[in-house]
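Here's a quick briefing to go with the structure below. Have a look around it, then use the notes to find your way.

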Amino acid sequence: MTQLMVDIKALRKSYGANDVLKGVDLTVASGEVTCLIGPSGSGKSTLLRCINQLEKHDAGILRVDGELIGYQLRNGKLYERSERELCDDRAAIGMVFQRFNLFPHLTVLENITIGQVRVKGIAPSAADKKARELLTRVGLDAKESHYPSQLSGGQQQRVAIARALAMEPKLMLFDEPTSALDPELVGEVLDVMKDLARSGMTMVVVTHEMGFAREVADSVYFLDAGIIEESGDPREVLVRPQSQRLRDFLSKVL
């Protein structure tokens, strides 16, 4: 039986009167790549942030690697986890944002080692070694002494990916990682993500890159107005969409 890394049932999230997620069901098997697509405001990023508990969901069940996220079950009732426990949950889930969120006053190497040392308690020498290995993996081994301002957007995003990988996550979340990049820099970031997928990393990716979704994803979920409108194999969903809403969306982005 395939092990589920992400298991979401009837997930709901509102901001005041605005229902952003209206009972979302989603599963991601260990080692799979899942892409979330849909128009702006459909709830894709909110869903991602709920998985990482940057946003607390209002209702529903969310499990990562079999463990409840955000809440714990005691005597048949759900109780909110403490902030310390949430930090432990987040440490096992890497996240890469639209904006790179690198520390501008730290070098590339320091950006990658700081979390290892301060959060995981890894010795600085071991953290440096891992950071250099990851910089080689993302093609930036010559940039370790540079500051973020000295890098292109694509290079900064690759550093952000290396920083997330340094924490040895069991799940990687990407929130439109190429949307802030100049078109000619998109490919270098997608190449790193494709390499991650080939290595067996479990990934959930919010993206408008339909070519990436078709080539790399094991499953695609199309969100619209807070619900899953359609989902399945990208080679089916993106080529022969069943819903008119998805057909309309694809006609604008393909």
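Which helices and strands each supply at least two residues of the lining of the largest pocket? They are α2 (83-91), β8, α3 and α5. Keep in mind that this is a predicted model. The notes below start with that pocket, then move to a cavity, a sheet and one residue in a loop.

**The largest pocket**
- There's about 680 Å³ of space in the largest pocket.
- It is lined by 23 residues, and the closest to its centre are R90, G115, V119, R163 and M167.
- Helix α3 provides the largest share of this lining, with six residues.
- Sorted by class, the pocket lining is made up of 13 nonpolar, six polar and four charged residues.

**The largest cavity**
- Just one cavity in the structure reaches 30 Å³ or more.
- The largest cavity holds about 30 Å³ of space.
- Its lining is made of M95, V96, F97, R99, F100, Q157, A160 and R163.
- Both β8 and α5 (153-166) supply at least two residues of this lining, and α5 gives the most, with three residues.
- By class, you'll find five nonpolar residues, one polar residue and two charged residues in the cavity lining.
- R163 turns up twice in this briefing: it lines the cavity, and it is also among the residues closest to the centre of the largest pocket.

**The sheet**
- Six strands make up an open sheet with mixed pairing, and you can trace them in the order β8-β9-β10-β3-β11-β12.
- The two edge strands, β8 (93-96) and β12 (227-232), each pair on one side only.
- On average, and ignoring direction, neighbouring strands in this sheet are turned by 15 degrees against each other.
- Strands β8 and β9 (residues 171-175) run parallel and are joined by four bridges.
- To spot one bridge for yourself, find I93, whose partner in β9 is L171.
- Helix α1 (residues 44-51) lies across β3 (33-37), β8, β9, β10 (203-206) and β11 (219-224). It runs at about 150 degrees to β9.

**A loop residue: T107**
- T107 sits in the loop between β8 and α3 (108-118).
- Is T107 buried or exposed? It counts as buried, because its relative accessibility is 11% and the cut-off for buried is under 20%.
- Setting aside neighbours within four places in sequence, T107 is in contact with E144, S145, H146 and Y147.

Technical notes. Residues numbered from 1 in each chain as written. Predicted model: local features only at pLDDT ≥ 70, side-chain atom pairs only at ≥ 80, totals over all residues. Heavy atoms only, no water. Pairing = 2+ DSSP bridges. Axes fitted to C-alpha atoms, helices over the stretch in contact; angles between N-to-C directions. Contact = heavy atoms within 4.5 Å. 1 Å grid on protein atoms, 1.4 Å probe; cavity = no way out; pocket = protein on both sides within 12 Å on 5 of 7 lines; lining within 4 Å. Points joined across faces, edges and corners; volume = space filled by probe spheres on them. Nonpolar A, V, L, I, M, F, W, Y, C, P; charged D, E, K, R; others polar. Buried < 20%, exposed > 50% of the residue type's maximum accessible area, 1.4 Å probe, protein only.
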